[in-house]
Amino acid sequence: MALSQFGYLLIPSSFERSRTRFEGAEQIVPPEINLLFRTDLLYLPSISRYVLTMNGSRFMVLPPEEAVQAKLAKPFENSAPAYDPPYHFGKKFEKVLIIGPAGGKNVLSALAFGASSIVGVDINPAVFHFLKDQRPDLISNMYLDPRVETVRM
């Protein structure tokens, strides 16, 4: 069957393709489906975290409130190996461009290390639809910070 009852092309998500990994997962909002992506915002009780999945292949655990606050208070003590290395060389970056910010961990690093202007560009419009427009509280309102500009492109 190529079309769902709503007329959308069926794109199975991680939730649907690997049900056992997502046992007990709760769909927070209906999935966003566009020409390139199916995006799901889920809560996984097994790890007590919110996750964003795209096309069943990309899976992001959203940083919980306590992790965001700890990072903002003490960025060097709460270092993220994947996102923080540029900030460990003693140079403060005033302006930061992030391609594919998705769940916001790289935005959090830029904020924590004092960037005054951050532009996040994501190809998937659902990222900002979910995490800026619908449920910004899930990432401590990072995308609503006046230093952060989001671009859907």
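Contact here means heavy atoms within 4.5 Å. I note at the outset that the model is predicted.

**Entry 1: Glu-94**

I looked up Glu-94 and placed it in the loop between helix 2 (65-73) and strand 6 (95-99). Leaving aside residues up to four places away in sequence, I found that Glu-94 touches Ala-115, Ser-116 and Ser-117. I then checked the spacing to Ile-118: the two residues are 24 apart in sequence, and their C-alpha atoms are 8.3 Å apart in space. The relative accessible area of Glu-94 is 41%, so I recorded the residue as partly exposed.

**Entry 2: helix 4**

I turned next to helix 4, which spans residues 125-134. Which of its residues are buried? I listed Ala-126, Val-127, Phe-128, Phe-130 and Leu-131. I asked what covers these buried residues. The cover includes strand 2 (32-33), strand 3 (38-44) and strand 4 (49-54), and also strand 7 (117-122) and strand 8 (148-152).

At the N-terminal end of helix 4 I found a cap formed by Asn-124. A side-chain oxygen of Asn-124 lies 3.0 Å from the backbone nitrogen of Ala-126, and Ala-126 is itself among the buried residues of the helix.

**Entry 3: a surface patch**

I examined the surface and noted a nonpolar patch formed by Leu-35, Leu-36 and Ile-123. Together these residues have about 380 Å² of accessible area. I located Leu-36 in the loop between strand 2 and strand 3. Is Leu-36 buried or exposed? Its relative accessibility is 51%, and exposed requires over 50%, so I entered Leu-36 as exposed.

Methods:
Residues are numbered from 1 along each chain as its sequence is written. This is a predicted model: local features need pLDDT of at least 70, side-chain atom pairs count only at pLDDT 80 or more; totals for chains, interfaces and linings use all residues. Side-chain values use heavy atoms; hydrogens and water are left out. Buried means under 20% relative accessible area, exposed over 50%, partly exposed in between (1.4 Å probe, protein chains only). Helices (H or I, at least four residues) and strands (E, at least two) are DSSP runs, numbered from the N terminus. A polar contact is a pair of N or O atoms within 3.5 Å; within protein, one must be able to donate a hydrogen and the other to accept it, and residues adjacent in sequence count only if both atoms are side-chain atoms. Patches are made of residues with over 30% relative accessible area and no salt bridge: like charges are joined within 9 Å, nonpolar side chains (Val, Leu, Ile, Met, Phe, Trp, Tyr) within 5 Å. Accessible areas come from the Shrake-Rupley method with a 1.4 Å probe; for residues, only the protein chains shown count as cover. A salt bridge is a side-chain nitrogen of Lys or Arg within 4 Å of a carboxyl oxygen of Asp or Glu.
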